[in-house]
Amino acid sequence: MGAKTLPYSDIDLSRWREYGHIWTDSLWLIEARDRTGGHRLDYHGNFVPQIATQTFLRYTKEDDIVLDLFLGSGTTAVEAVRLRRRLVGVELKADLVEYVRGKIPPALLDDRIRLLAGDATDAATAARVRETLAAMGAEHVQLLVLHPPYHSIIRFSDDPADLSNAPDVETFLDRFEAAARNGYGLLEPGRFAVLVIGDIYTGGELVPLGFYCLARMQAVGFRLKGIVVKNIAGNERGKGKAASLWRYRALAGGYFVFKHEYVMIFVA
Ligand SMILES: C[S@@+](CC[C@H](N)C(=O)[O-])C[C@H]1O[C@@H](n2cnc3c(N)ncnc32)[C@H](O)[C@@H]1O
């Protein structure tokens, strides 16, 4: 039987039984962060490399271009190198972009891997991404990754443009939507977007940020393909004394300690 491939991945469906390493269940219980292939836990708020591994293998082909609008410490950039994908990364903090540049093999930097310091919500940044794509001989990207701050849970900087500094949830969502809209315009029609997001508590109330962001993605025009619930154990949060304190607070306040976040998959 000949190879049977999809337009958006290198998976050969005629050998579908051999892809046990690609997860298709909606619950991801990840035991430990993948620390191989140049990945390290060096940034509060980075995601486990497996999110990049799974989505790149499933939704991109080799040499495809991934756009990450909240690059952070560059988990997706490192994974793009490992899986031979190309990537354009945008991050607000210029010093962090410099740091991520240091993780990328010099031969690939400013060639297959391009990193920009800028505000992902800004139309000017989208224009710069477009120019960058033109220099790479492309018009669109083939996968969009969005891993914004979970509002003010972790403050990433003092910059007012930083989504973690949005004065309230509504402003956060408006700014998130602006970034998603920029991403939508840059993504090849029919290709996929990945949103990694968690819910938050504020003022003794659960704010379902994940669901709100999902609604904003749909408002932009993305169609929902999947909601994966993923444990957050690999983020090294909630250990020791702090964990007991959270448990006490949960018992006392009638709520639950977050152990999950979402990996939502959309198509443009
Ligand atoms: C949750 S972290 C992303 C972590 C990343 N996935 C990783 O594995 O390292 C969110 C990042 O978004 C950045 N950020 C916040 N507001 C931004 C904006 N308006 N434009 C671009 N980046 C922004 C923050 O500086 C932070 O590094």
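1. In this predicted model, R175 belongs to helix α5, which spans residues 169–186. The side chain of R175 reaches the backbone oxygen of A161 at a distance of 2.8 Å. That pair falls within the 3.5 Å cut-off for a polar contact between N or O atoms. Leaving aside residues up to four places away in sequence, R175 touches D119, T121, P160, A161, D162 and L163. A161 therefore appears both as a contact of R175 and as the residue whose backbone oxygen the arginine side chain reaches, the pair being a polar contact.

2. A second arginine, R86, is found in strand β3, which covers residues 86–91. With residues up to four places away in sequence not counted, R86 touches D63, D64, I65, V66, A80, R112 and M136. One of these partners, R112, is 26 residues from R86 in sequence, yet the C-alpha atoms of the two arginines are 4.9 Å apart in space.

3. The ligand is surrounded by 25 residues, of which Y43, S73, T75, E91 and H147 come nearest. By class, this shell has 13 nonpolar, 8 polar and 4 charged residues. The ligand sits in the second largest pocket of the model.

4. Which atoms of the protein lie close to polar atoms of the ligand, at 2.6 Å in the case of E91? For E91, a polar side-chain atom lies at that distance from an oxygen atom of the ligand. Y43 places an N or O atom of its side chain 2.7 Å from a ligand oxygen. At A120 the backbone takes part instead of the side chain: a polar backbone atom there is 2.9 Å from a nitrogen atom of the ligand.

5. How much of the ligand's exposed area does the protein bury? Taken alone, the ligand exposes 600 Å², and 99% of that is buried by the protein.

6. In connecting these points, it may be noted that E91 is listed among the residues that come nearest to the ligand, and that strand β3, which holds R86, runs over residues 86–91.

How values were computed: Residues are numbered from 1 along each chain as its sequence is written. This is a predicted model: local features need pLDDT of at least 70, side-chain atom pairs count only at pLDDT 80 or more; totals for chains, interfaces and linings use all residues. Side-chain values use heavy atoms; hydrogens and water are left out. A residue is near a molecule or strand if one of its heavy atoms lies within 4 Å of it. A polar contact is a pair of N or O atoms within 3.5 Å; within protein, one must be able to donate a hydrogen and the other to accept it, and residues adjacent in sequence count only if both atoms are side-chain atoms. Accessible areas come from the Shrake-Rupley method with a 1.4 Å probe; for residues, only the protein chains shown count as cover. On a 1 Å grid over the protein atoms alone, a cavity is a set of points where a 1.4 Å probe fits but cannot get out, and a pocket is an open set with protein on both sides within 12 Å along at least five of seven lines; lining residues have an atom within 4 Å of a point. A molecule sits in a cavity or pocket if more than half of its atoms lie within 2 Å of its grid points. Ala, Val, Leu, Ile, Met, Phe, Trp, Tyr, Cys and Pro count as nonpolar, Asp, Glu, Lys and Arg as charged, and the others, Gly among them, as polar. Helices (H or I, at least four residues) and strands (E, at least two) are DSSP runs, numbered from the N terminus. Contact means heavy atoms within 4.5 Å.
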